[in-house]
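Visitor: Walk me through one part of this model up close, please: the charged side chains and who pairs with whom. Take your time, and tell me what your terms mean as you go.

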Amino acid sequence: GSLSHAGRGIVSMANAGPDTNGPQFFITFKSCTHLDGKHSIFGRVVGGGDVLSAIERLATDKQDRPAADLRILRATVFSSPFDAVDAAEATDAAEDAGKQGLRGGARGGLG
């Protein structure tokens, strides 16, 4: 399924248009599905709801950015999407190798 800015705690890359993803990101406080397809989602807050609520209460400027510097000093990644991709690629490679082995064996053994 495709990713969506549905719900609280979606972590997404901020950008100013096509091919402009940079080192800035935002975390949603509510559903923002109008952002789907415009910003790259790369995570979801799964713990620390109290911290998310504290961030939500911070004063903001006219551009809706925190009035004072906000720094996240520590984060824990609970699941790496790269592990899933690596596992899927390994499975595909093993299946391809198995198919080639069956074809090669049938030619060599029955010929």
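Guide: Let's start with a term: a residue is called buried under 20% relative accessible area, exposed over 50%, and partly exposed in between, using a 1.4 Å probe and protein chains only. Keep in mind that this is a predicted model, where local features need pLDDT of at least 70 and side-chain atom pairs count only at pLDDT 80 or more, while totals for chains, interfaces and linings use all residues. Residues are numbered from 1 along each chain as its sequence is written, and side-chain values use heavy atoms, with hydrogens and water left out.

Now to the pairs. A salt bridge here is a side-chain nitrogen of Lys or Arg within 4 Å of a carboxyl oxygen of Asp or Glu, and that rule gives 2 salt bridges. One joins Asp69 and Arg71, with the closest N and O atoms 3.8 Å apart; both of these residues are exposed.

The other has Arg8 meeting Glu56, at 2.9 Å from N to O. That pair links distant parts of the chain, 48 residues apart: Arg8 sits in the segment before β1 (10-13), and Glu56 in helix α1 (residues 49-56). (Helices are DSSP runs of H or I with at least four residues, strands are runs of E with at least two, and both are numbered from the N terminus.) Why does Arg8 count as partly exposed? Because its relative accessible area is 33%, in between the 20% and 50% cut-offs. Glu56 is partly exposed too, at 38%.

Stay with Arg8 a moment. Leaving out residues up to four places away in sequence, Arg8 touches Thr28, Phe29, Lys30, Arg44, Gly49, Leu52, Ser53 and Glu56, where contact means heavy atoms within 4.5 Å. The C-alpha atoms of Arg8 and Val45 are 8.1 Å apart, with their positions 37 residues apart along the chain.

What about charges outside the salt bridges? Asp83, Asp86, Glu89, Asp92, Glu95 and Asp96 gather in a negative patch on the surface. Patch members have over 30% relative accessible area and no salt bridge; like charges are joined within 9 Å, and nonpolar side chains (Val, Leu, Ile, Met, Phe, Trp, Tyr) within 5 Å. Lys and Arg count as positive, Asp and Glu as negative, with His and the chain ends not counted. Each charge is placed at NZ of Lys, CZ of Arg, CG of Asp or CD of Glu, and areas come from the Shrake-Rupley method with a 1.4 Å probe, only the protein chains shown counting as cover for residues. Asp92 belongs to helix α2 (residues 81-110) and is partly exposed at 44%.
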